[in-house]
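Here is a short briefing on selected local features of one protein chain. Read it alongside the sequence and the coordinates.

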Amino acid sequence: MPSSAAATGLVDRVASVESLPAKVLEHQAYLAKVEEQKGADGAREDIRESLAAITALLRKRLKHDFSGYKQNTLIRRIQRRMQVLQIEAVSAYAEHLRREPSEGDALFRELLIGVTQFFRDEEPFEALKANILPSLLAARDADDPIRVWVAGCATGEEVYSLAVLLQEVLAVHRSEAKVTIFATDIDPQAITFARTARFRRMDGLSPERLQRWFVMDGEDYIPVHAIREMCVFSEHNLVRDPPFSRIDLISCRNVLIYMDNDFQHRVMQTFHYALRPGGYLFIGPSESISRESRLFRAADKKHRILQRHDSVRATLPEFLPQAASGAAAKATTTRTEDQIDKSARRVMAKHSPAYFVVDRHHNIVRYSGGETGRYLEPSEGNASLDLFANLARSVRTRVRHAVERAFSSGQAIEEASLKVEGSELVDLLVEPIVEAGRLPGLVVVGFRPSRPQGERAPEGDASPASKRDIEALQQELHALQIRHQATSDELESQIENMKSVTEEFQSVNEELQSSNEELETAKEEMQSVNEELQTINNELHGKNDLLMQANNDLQNLLDSTQIATIFLDDELCIRNFTPAAREVFSLREGDRGRPVTDIVSLLSYDKLREDVGKVQRTLEIVEHQLDLKDESAAYMMRIRPYRTVANVISGVVMTFNNVSEQKQQHDHLQVLMKELQHRTNNLFAVIQAMARQTVRTSASLADFEEQFGARVQSLAQSNSLLIDQQWKGVSVDKLIEAQLAPFVGSDSTRFEMVGPTVTMTAETVQTLGLALHELATNASKYGALSTPNGKVVLRWSFVGGNGASEVFKLEWQEIGGPHVKPSTRKGFGHFVTDQMVTRSLDATVQADLAPDGLRWMVQMPASRARVGRSPRPVEGMPPKFSQP
């Protein structure tokens, strides 16, 4: 975290933890020392005196002129850099700035105020979208692109906000007009960031706009291609560099407030020049154009949207090179006479007086030349271009009346013999500049010397009495003129005050009338709304009862269900959950409203956010089988979209079904299937061997059919016994009885069994059953069972132990049969009783053809037999198979 904080570039000091307290104390001591040098506003006056030198250093190093920025802003920023470096003297800081190039960059970064966000002050942006942007599309040719200039774009949030607005307006009007947004700033780092267009903080963007116009790339949001391709970024200085041209809309919000009046005027002239006729300027809420009213008018005063005045000729301020010499700096550019000069000269050609051109606000927009100086007498106070704040006091009243009459009537006004103090009598000429189809917006106020009157009577002809009378009259006239002048001045002042008060009263009166009308309308609307509310209130009472009942039913349903269910909104916050959900998440009642990702999950599952996002994008159900972390239970998780009654997707629903038992049964079934497949393969192998051997020993097809059928029947009987015992094994006595039953029938005296209770394993039963069947077949044909008095004795036991391996021994002995002769032919019976038993059971076989009958003995590992009866069938095992 410390490294990340330092990497932002906003950290003033990086030090170890041990040294930080000493650094803080040093900084505190420095602040206390320089506190006495600060003025009442917290700014140091010595910095104010050195601003010119510091801004000159910045201009020389960075090619940017900050001399026109507001002094208090500059002082605060320089003062802060001095605090960081703990430099007391301004001269020392200036020297440090001169010697250290990095300090120039640091101060430059300090002076740049890049506070911005998407749709900052959203209401003006919505007003721009609703009232201004549609007008840019009106009557526009397809090959005429919309050109927008965002001056002072910082890191680009405002640029992409305007791009989003324009795309939305184009979509609404189904327009395919091309849009280009030029975004400029003097900060190259900010331009690089804006051009890269990778944002992590998306403050100001609604979720709908964020989802529609931006895509997630790692941890950053980037604008979609349609937005990014509209924007062109470049480094540009508003005061120094020439502007763009033919612009429809300029956005320059919260930039002018940091400039003084001269820089503001230059920038506004630049914007006026850059805009097309009727173009718009979008400025910040704290910025005003009261001094630039001749260049722009308010299209939306509340939201600071201005429109270009087309009656004023667009001219650029002087953009002089930074390194220009003094002579070059004083040089002026010869410009073509504009339309106002031509019109004024055309009107005054027949009079050739000294004149002023004024607008309806009485602001002077043109002088005829230096000869106008004799008619000027500026008033005290702030400098102004108001004609009546600069005109000679003796003629202000009469000129004001003449100007008002000319604007109201549209006719020329002439008055003779105006007395200007310190000058001869003059004639007043006021004539409007009229353009076809428009009210006069400008008038020309001219002065010319009065024509000479007839010569006076010679003084020698007057009598002394007449002279005295004339002198008395002249003195009285002079006193009256002085009194008249004082009265005129006072009246002029009163008229100005009354005019101002009248305008204020008129404005207030209009506002009151408008408010009164709005209140009357609102009263009527409120009465209508009140009636509607009463009707709606009655309906809501009934719906509230139904809602309460439905809520009770839903609560009981959630409490009684055994399915763990969690309802999430679009932000993955928990809306509701069933009690069973506590089995998979550590949930409490107070967790409603919290992100589900903040809750501890008991599942081995870390892709919840990705799966929820997939469901929200595709509206498809996502399903996973998950285990608890301690593997004590298994759940089937399903995530599906949450649909409202209006079929609007508003989040997701997660359900968790406990499938532990089903999983166990499935695993058990898999084991059984593998075992069945293994045993089936073995059975087929045995049948295949039987068929092969029977074919070899059969004389004919009928003989093969008889022998093979009997042997398959024997194998089936062994399998039937295994199925009855759920493949857990068969006792020896049952196996013997099943194999001898076809040969001895119900006569139990024909065979005898001697041995303990022993159960043979399932793998042993089939092979041993076949061997017993072959022995019984031979006994019925050639041995003891072929005579009435013969019988078979079977004995079995466990032998060995005491250090030796224990084996299971089974003996077959025939008694009372005919004399047996050895056979030279070895058929299937010999194969089964010798080779198959030996290989399959890992056993040893001995056969002895004694005179009194065959003796056959097999010894196999004791693991193939166990003491005790066959186990009883258990539940859950596969069902019995019917014998084919």
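The points below cover helix packing, a sheet, a hairpin and two single residues.

The model is predicted. Two helix pairs come first, and α6 belongs to both. A five-stranded open sheet follows. One of its strands, β19, holds Ser650. A hairpin and a loop lysine complete the set.

**Helix packing: α5 with α6**

- Two packed helices are described by the angle between their axes and the distance between the axes.
- Helix α5 spans residues 71-85, and helix α6 spans residues 90-99.
- Their axes are 11 Å apart and make an angle of about 85°.
- An angle from 65 to 115 degrees counts as roughly perpendicular, so α5 and α6 are roughly perpendicular to each other.
- From α5, the contact takes in Ile78, Arg81, Met82 and Leu85. From α6, it takes in Val90, Tyr93 and His96.
- By residue class, this contact has five nonpolar, one polar and one charged.

**Helix packing: α6 with α7**

- Helix α7 covers residues 101-111 and packs against α6.
- Here the axes lie 5 Å apart, at an angle of about 110°.
- This pair is therefore roughly perpendicular too.
- On the α6 side, Tyr93, His96, Leu97 and Arg99 make the contact. On the α7 side, Pro101, Glu103, Gly104 and Leu107 meet them.
- The contact residues divide into four nonpolar, two polar and two charged.
- Tyr93 and His96 of α6 appear in the contact with α5 and again in the contact with α7.

**The five-stranded sheet**

- The strand order is β16-β15-β19-β18-β17, in an open sheet with antiparallel pairing.
- β16 (574-577) and β17 (622-627) are the edge strands, each pairing on one side only.
- From one strand to the next, the twist averages 20°.
- β18 (residues 634-643) and β19 run antiparallel and are joined by eight bridges.
- Within that pairing, Arg638 has Thr655 of β19 as its bridge partner.
- Helix α19 (residues 608-618) packs on the sheet and touches β17, β18 and β19. Its direction makes about 40° with that of β18.

**Ser650 in β19**

- Ser650 sits in strand β19, which runs over residues 649-658.
- Is Ser650 buried or exposed? Its relative accessible area is 18%. The cut-off for buried is under 20%, so Ser650 is buried.
- Beyond four places away in sequence, Ser650 touches Leu568, Asp569, Asp570, Arg575, Tyr642 and Thr644.
- One of these contacts, Arg575, falls within the range of edge strand β16 (574-577). Another, Tyr642, falls within β18 (residues 634-643).

**The β25-β26 hairpin**

- Strand β25 covers residues 844-850, and strand β26 covers residues 853-861.
- The two strands pair in the antiparallel sense over seven bridges.
- Leu849 stands opposite Leu854 of β26.
- How many residues does the hairpin use to join β25 to β26? The connection runs through two residues.

**Lys302 in a loop**

- Lys302 lies between β8 (296-300) and β9 (305-308), in the loop.
- Its relative accessible area is 63%. Exposed means over 50%, so Lys302 is exposed.
- The side chains of Lys302 and Glu123 form a polar contact of 3.2 Å.
- Pro124 is 178 residues away from Lys302 along the chain, yet their C-alpha atoms are separated by 8.4 Å.

Conventions
Residues are numbered from 1 along each chain as its sequence is written. This is a predicted model: local features need pLDDT of at least 70, side-chain atom pairs count only at pLDDT 80 or more; totals for chains, interfaces and linings use all residues. Side-chain values use heavy atoms; hydrogens and water are left out. Axes are lines fitted to C-alpha atoms, for helices over the stretch in contact, and angles run from 0 to 180 degrees between N-to-C directions. Helices (H or I, at least four residues) and strands (E, at least two) are DSSP runs, numbered from the N terminus. Angles under 35 degrees count as roughly parallel, over 145 as roughly antiparallel, 65 to 115 as roughly perpendicular and the rest as oblique. Contact means heavy atoms within 4.5 Å. Ala, Val, Leu, Ile, Met, Phe, Trp, Tyr, Cys and Pro count as nonpolar, Asp, Glu, Lys and Arg as charged, and the others, Gly among them, as polar. Buried means under 20% relative accessible area, exposed over 50%, partly exposed in between (1.4 Å probe, protein chains only). A polar contact is a pair of N or O atoms within 3.5 Å; within protein, one must be able to donate a hydrogen and the other to accept it, and residues adjacent in sequence count only if both atoms are side-chain atoms. Two strands pair if DSSP finds at least two bridges between them.
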